[in-house]
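Reader: I should like to learn how to read buried faces, cores and empty spaces in a protein model. Please take me through them one at a time.

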Amino acid sequence: AAGYVGSVFNGEAKAEDPKDALDAQQYYVGSMLMPYAEQLEKADDKMVELPQALYDAQASLMGRIVGASAAGVAGNGKIAVLGGIQINTPPGYTDYFLPQSFDLYNNSGEKIDDLMPTNILRPFPKVKDVFPGALSNAELVSKMKATLADKGYDADKTLCATSLCCDEVNRPLETDLADAFDTNFNMGGLAGFPFGGATSFGAMAAHIPDGGDCCVVFGPHVGVDSTGAVGTVERRGRAAGGSCCGSAVAAAGYVGSVFNGEAKAEDPKDALDAQQYYVGSMLMPYAEQLEKADDKMVELPQALYDAQASLMGRIVGASAAGVAGNGKIAVLGGIQVNTPPGFTDYYLPMSFDLYNNKGDKVEALWE
């Protein structure tokens, strides 16, 4: 089915609707997989992406089946539906099952509870609808570690610095990176801007293990809630969600007001709310881009990434010499995507570049 879907994606004709049962099932496998054609063709590993896409297609069909037929369950009977990916192994080994959902329905077809254990983080497909190419946190860290190892990085001698927003929803990625590289150095402030600046980079450089290298992960964040809405997300223990990123949304409102004729804010006189002022001022060059966007909440993290990449470039240029010996500097920039509780977060890589300790870009690690 993946081969058929790929051929159609690349211009070949679709198969005709089946006229009888001879091979109808295989036709429907292909037709239900068709909406995931681009996702599969652009995947780093199609065979890993394929069961994820099939799960999504099957979950949609199973939801329709339960909705259409739940009334057949008598009395107060309940319906528990466990969905996931079955993993087969060689003879003599146990098989596995990767849970993706475990939901409880009543016999009116209404979902009444989420039974998935809280320690299992499920994929959240709505993210890739809005941000194609986004990687789950686990996928990101695995791919990042492999790339750095290929460039001679030793995880035991690598210091990972992060510049992510201070919002608590961003800590899981920092935790994953700290698990991979033992700890992390924090350069970030509101909206993910590296407000620690050249001074914090210099301090980080002085903490790199002897003979080691550093990597920096930065970027703004944006929420995608359970309905697929961008710019908001459900939060732990709160009945209603809220803006995500709140600082970014506030800055976009300020930038829009200036674009439409209101006065700019005065330069900050002290540190009371200086970070928020600088978020707004560095977003200002993107005012027209944001105001004319089809969806400002999708465009906003893209603009913030561009602003942060510019600042991070200046920081590396000013402070790279603090990295001793032949130490290397890998800088990964992108957009962090937060999801509802119980689901994995994602990161959309936008750049991953390697610098020497003169601040010269040596190569792009990911194209």
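Author: The dialogue below treats the overall build, then a helix, the cores and the spaces. This is a predicted model, in which local features need pLDDT of at least 70 and side-chain atom pairs count only at pLDDT 80 or more, while totals for chains, interfaces and linings use all residues. Residues are numbered from 1 along each chain as its sequence is written, and side-chain values use heavy atoms, with hydrogens and water left out.

Reader: How many helices and strands are there in the protein?

Author: Helices (H or I, at least four residues) and strands (E, at least two) are DSSP runs, numbered from the N terminus. The protein has 12 helices and 13 strands, and its C-alpha trace spans about 70 × 55 × 45 Å along the principal axes. Of its 367 residues, 43% count as buried, a term that means under 20% relative accessible area with a 1.4 Å probe and protein chains only.

Reader: Which residues of helix α8 are buried?

Author: An α-helix has 3.6 residues a turn, so residues three or four places apart point the same way. In α8 (residues 197-205), the buried residues are Gly197, Ser200, Phe201, Met204 and Ala205. They lie on the same side of α8 because they cover an arc of only 140 degrees around the axis, taken from the directions from the helix axis to the C-beta atoms. Their cover includes β5 (158-163), β6 (184-186), β7 (213-218), α12 (296-319) and β11 (329-338).

Reader: Which residues have the most contacts inside the largest nonpolar core?

Author: In soluble globular proteins, nonpolar side chains tend to be buried together. A nonpolar core is a set of buried Ala, Val, Leu, Ile, Met, Phe, Trp, Tyr and Cys residues joined through side-chain atoms within 4.5 Å. The largest has 52 residues, and Phe201, Met204 and Leu283 have the most contacts inside it. Helix α12 supplies the largest share of this core, 10 residues. Another core, of 21 residues, lies apart from it and includes Met144, Leu173, Val217 and Ala330.

Reader: What does Phe201 touch, leaving out residues up to four places away in sequence?

Author: A contact means heavy atoms within 4.5 Å. On that basis Phe201 touches Met187, Val216, Ile315, Val316, Ser319, Ala320, Val323 and Ile329.

Reader: How is empty space to be read, and what lines the largest cavity?

Author: Rolling a probe the size of a water molecule over the atoms shows where empty space is left. On a 1 Å grid over the protein atoms alone, a cavity is a set of points where a 1.4 Å probe fits but cannot get out; a pocket is an open set with protein on both sides within 12 Å along at least five of seven lines, and lining residues have an atom within 4 Å of a point. Grid points are joined across faces, edges and corners, and a volume is the space filled by probe spheres set on the points.

The structure holds one cavity of 30 Å³ or more, and the largest cavity contains about 40 Å³ of space. Its lining consists of His221, Val222, Gly231, Cys244, Cys245, Val249, Met297, Leu300, Pro301 and Leu304. Helix α12 gives the most to that lining, with four residues.

Reader: Which element gives the largest share of the lining of the second largest pocket?

Author: That element is α10, with four residues. The second largest pocket holds about 180 Å³ of space, and among its lining residues are Tyr254, Glu266, Asp270 and Tyr277. The buried residues of α10, including Tyr277 and Leu283, pack against α9, α11 (287-291) and α12.

Note on methods:
Buried means under 20% relative accessible area, exposed over 50%, partly exposed in between (1.4 Å probe, protein chains only).
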